[in-house]
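Please walk through this protein one part at a time. The sequence and the structure come first, and the explanation follows.

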Amino acid sequence: MKMSGGVEWALHCCVVLTTSSRPVPAAKLAELHDVSGSYLAKQLQSLARAGLIHSVQGKSGGYALTRAPESITLLDVVRAVDGPGPAFVCTEIRQRGPLATPANACTRACPVARAMWSAEEAWRQALAAVTIADLARDVGTDSGPEALPAVRAWLTGATDD
C-alpha cells in the first residue's frame, strides 16, 4: 500500500507532541523536522480536522494531541492525512475488451479484487494495532532513553547549547 509522504510527517509530529505538556507551534515542529512550514501545516490541518490534534491560539499557542497517545492509532493518522477511502478500487477490468465477461456473469468480485481487498484489510488491521504511544516507546528503545527528553528540551528551549 502506498501512502503519501504527509503520513510520515504527521506521525512524527504526533510522536513529538507526546513529549510536551503544552502546545507546540507549527513553526517549531517544521524546524525540528527540517520541512517546509506550509507543507507541514497541511498535515497538521488534516490531523486537526480529524480531531487527533487541536490548535491553541495566542502567544503560547500551537498544537497538542486531543487524547492520550495510547488511543491514537497509526490508522487514525493515515485516514486523517490520506482519507478514509480504500487504497484499491476495482474497476471491473474483466468486463472490458474483446473477451469481456458479461456483467451478469460477474456475480462475485474477481480474484484480483478479492486478493487486494484482503491485503488492504490486513494492512489496516496492522496499522490499527499500533498506537502513537507504541511509536514513542520504540523511539526510546531505538534511539536511546534520552531521545524524546532531548526533543522536549529543544521544544521548550531548555537545551544546554
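Which residue in strand 2 is the bridge partner of serine 55? The partner is tyrosine 63. That pair belongs to a set of four bridges that join strand 1 (residues 53-56) to strand 2, and the two strands run antiparallel. Before going further, note that the model is predicted. The mean pLDDT of the protein chain is 93, and 98% of its residues reach 70 or more. Confidence is lowest in helix 7 (residues 147-156), where the mean is 92, and highest in helix 4 (residues 74-82), where it is 97.

Strand 1 and strand 2 form a hairpin with five residues between the strands, and in this hairpin glycine 58 takes a positive phi near 105°. In a regular strand the side chains alternate between the two faces of the sheet. Strand 2 (residues 62-65) can be read in that light: Gly62 and Ala64 point one way, while Tyr63 and Leu65 point the other way. All four of these residues are buried.

Positive phi values also turn up outside glycine. Most residues other than glycine have a negative phi, and most peptide bonds are trans. Aspartate 34 has a positive phi of about 50° although it is not a glycine. Aspartate 34 sits in the loop between helix 2 and helix 3, and with a relative accessible area of 72% it is exposed. Glutamate 92, also not a glycine, has a positive phi of about 55°. Glutamate 92 lies in the loop between helix 4 and helix 5 and is partly exposed, its relative accessible area being 24%.

Now turn to helix 1 (residues 5-17). Does the distance between its ends agree or disagree with its 13 residues? At 1.5 Å a residue, helix 1 should span 18 Å, and its end C-alpha atoms are 19 Å apart, so the two agree. Among the buried residues of helix 1 are Val7, Ala10, Leu11, Cys14 and Leu17. An α-helix has 3.6 residues a turn, so residues three or four places apart point the same way. The buried set of helix 1 also includes Gly6, Cys13, Val15 and Val16.

The next topic is the core. In soluble globular proteins, nonpolar side chains tend to be buried together. The largest nonpolar core here has 33 residues, of which Leu29, Leu44, Leu47 and Val77 touch the most other members. At least two residues of this core come from each of helix 1, helix 2 (26-33), helix 3 (37-49), strand 2, helix 4, helix 5 (111-128), helix 6 (132-143) and helix 7. Helix 1 gives the largest share, eight residues. Beyond its neighbours within four places in sequence, leucine 47 is in contact with Ala10, Cys14, Leu52, Ile53, Val77 and Ala80.

Valine 151 gives a view from helix 7, where it lies. Is valine 151 buried or exposed? Its relative accessibility is 17%, so valine 151 counts as buried, the limit being under 20%. Apart from its neighbours within four places in sequence, valine 151 is in contact with Val16, Thr19 and Leu32. Valine 151 and serine 20 are 131 residues apart in sequence, yet their C-alpha atoms are 8.9 Å apart in space.

Alanine 119, in helix 5, offers another pair to look at. Alanine 119 and threonine 156 are 37 residues apart in sequence and 42 Å apart in space, C-alpha to C-alpha. Alanine 119 is partly exposed, with a relative accessible area of 37%.

Last come the cysteines. How many disulfides does the model contain? The count comes to zero, where a disulfide needs two cysteine sulfur atoms within 2.5 Å. For cysteine 14, the nearest cysteine sulfur is that of cysteine 13, 7.2 Å away. Cysteine 14 is buried, with a relative accessible area of 0%. Cysteine 90 is in no disulfide either, and the nearest cysteine sulfur, that of cysteine 110, is 4.9 Å away. Cysteine 90 is partly exposed, with a relative accessible area of 25%.

Technical notes
Residues numbered from 1 in each chain as written. Predicted model: local features only at pLDDT ≥ 70, side-chain atom pairs only at ≥ 80, totals over all residues. Heavy atoms only, no water. pLDDT = per-residue confidence, 0-100. Buried < 20%, exposed > 50% of the residue type's maximum accessible area, 1.4 Å probe, protein only. Pairing = 2+ DSSP bridges. Expected span 1.5 Å × (residues − 1). Core = buried A, V, L, I, M, F, W, Y, C linked by side-chain atoms within 4.5 Å. Contact = heavy atoms within 4.5 Å.
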